[in-house]
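Thanks, everyone, for making the time this morning. I would like to walk through one model with you, going from a local detail outwards, so please keep the display in view while I talk.

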Amino acid sequence: MDGMYNYDYQFRLIVVGDSTVGKSSLLRNFCEGVFSQDPDPTVGVDFNVRIIEVKSGVKVKLQLWDTAGQERFKSITRAYYRNSVGVLLIYDTTNYVSFTHVTNWLNEARTQIQPYQCVFLLVGTKIDRESERQVTTEEGKAFADFHNISFIETSSKSSLYVQEAFTLIAREIYDMLIEGRIHVQNGWDGVKAGPKTANTHQKQSIDVVQNIQPRRSGCCSS
Ligand SMILES: Nc1nc2c(ncn2[C@@H]2O[C@H](COP(=O)(O)OP(=O)(O)OP(=O)(O)O)[C@@H](O)[C@H]2O)c(=O)[nH]1
Ligand SMILES: [Mg+2]
């Protein structure tokens, strides 16, 4: 099997945060390797796909949902949380207000995603604008540590740590899957077995529907 059909799992990730923090730019850099100074604000929800290798020989197709940060689209984007196994919480390191709003995005995601498991990653963007920085790395890290989630700072303009951000969250999800803390489940699209592993999971997924595992801290409603 080749190309888009040659993967072991599919993870659905959602990218949230205030308007203009750089959500679409992060996804465009990751999926297309480009950066635009003046992109249009996202209207509702956009969708991207990329396959990555989470460890040697294991390919994961990432379905990436890019949401609009503007308040008026909240009711549309809310519907996309439920089928996500990963949430990238984005703030702009040059905009302190966007950092103070991360708590709201985290709470919103937890409320919408429960009772399903998910993994969060805190992402501070625009580190190429170091002289305009308003949120220190220590502040970002302290927030992430407090909520027991991972943390990374990126620049979509300079392509700094963009790949690493997606690899980090995908590996974390994969590890939880292998450890049995996240499951492929019927009726939930957060994680799906790919063409290579679909048969193995078919029986398993029926078993786990009635047996949702307790979450580790850092997951949805801990
Ligand atoms: N210097 C710099 N600018 C960036 C970076 N990422 C995004 N921007 C700029 O920030 C602005 C907003 O970027 P978007 O990616 O559209 O922001 P968004 O979070 O998708 O906004 P909404 O779709 O309205 O929610 C644009 O002018 C981008 O060029 C970055 O890493 N460095
Ligand atoms: Mg956008």
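Strand E2, residues 45-55, and strand E3, residues 58-67, run antiparallel and are joined by ten bridges. Within that pairing, Arg-50 stands opposite Leu-62 in E3, and if you follow the hairpin round to its turn, where two residues sit between the strands, you will find Gly-57 with a positive phi near 85°. I should say at this point that what you are looking at is a predicted model.

Stepping back to the whole protein chain, the secondary structure comes to seven helices and seven strands, and the order along the sequence is β-α-β-β-α-β-α-α-β-α-β-α-β-α. Of the 222 residues in the chain, 42% are buried, and among contacts between residues at least 6 apart in sequence, 72% join residues at least 24 apart.

Now to the interior. The largest nonpolar core has 54 residues, and those with the most contacts inside it are Val-15, Leu-89, Leu-121, Leu-122 and Ile-173. Helix H6, residues 162-178, supplies the largest share of this core, namely nine residues. If we take Leu-122 and set aside its neighbours within four places in sequence, its contacts include Leu-89, Val-102, Phe-143 and Ile-149.

Some backbone details deserve a careful look. Gln-114 and Pro-115 are joined by a cis peptide bond, with omega about 10°, and Pro-115 belongs to the loop between helix H4 and strand E5. Which residues have a positive phi without being glycine? One is Lys-126, at about 65°, in the loop between E5 and helix H5; another is Tyr-161, at about 60°, in the loop between strand E6 and H6. Lys-126 counts as buried because 25 other C-beta atoms lie within 10 Å, whereas Tyr-161, with 19 such atoms within 10 Å, is partly exposed, since the cut-off for a buried residue is 20 or more.

Finally, the ligand. There are 23 residues around ligand 1, and the closest are Gly-22, Ser-25, Pro-41, Thr-42 and Gly-69. Helix H1, residues 23-32, gives the most to this shell, with three residues. What is the make-up of the shell by class? It has 13 polar residues, six charged and four nonpolar.

Terms used
Residues are numbered from 1 along each chain as its sequence is written. Chains are lettered from A and ligands numbered from 1 in the order in which they are written. This is a predicted model: local features need pLDDT of at least 70, side-chain atom pairs count only at pLDDT 80 or more; totals for chains, interfaces and linings use all residues. A residue is near a molecule or strand if its C-beta atom, placed from the backbone, lies within 6 Å of it. Helices (H or I, at least four residues) and strands (E, at least two) are DSSP runs, numbered from the N terminus. Ala, Val, Leu, Ile, Met, Phe, Trp, Tyr, Cys and Pro count as nonpolar, Asp, Glu, Lys and Arg as charged, and the others, Gly among them, as polar. A nonpolar core is a set of buried Ala, Val, Leu, Ile, Met, Phe, Trp, Tyr and Cys residues joined through C-beta atoms within 7 Å. A residue is buried if 20 or more other C-beta atoms lie within 10 Å of its own, exposed if 12 or fewer, and partly exposed in between; C-beta atoms are placed from the backbone. Two residues are in contact if their C-beta atoms, placed from the backbone, lie within 7 Å. Two strands pair if DSSP finds at least two bridges between them.
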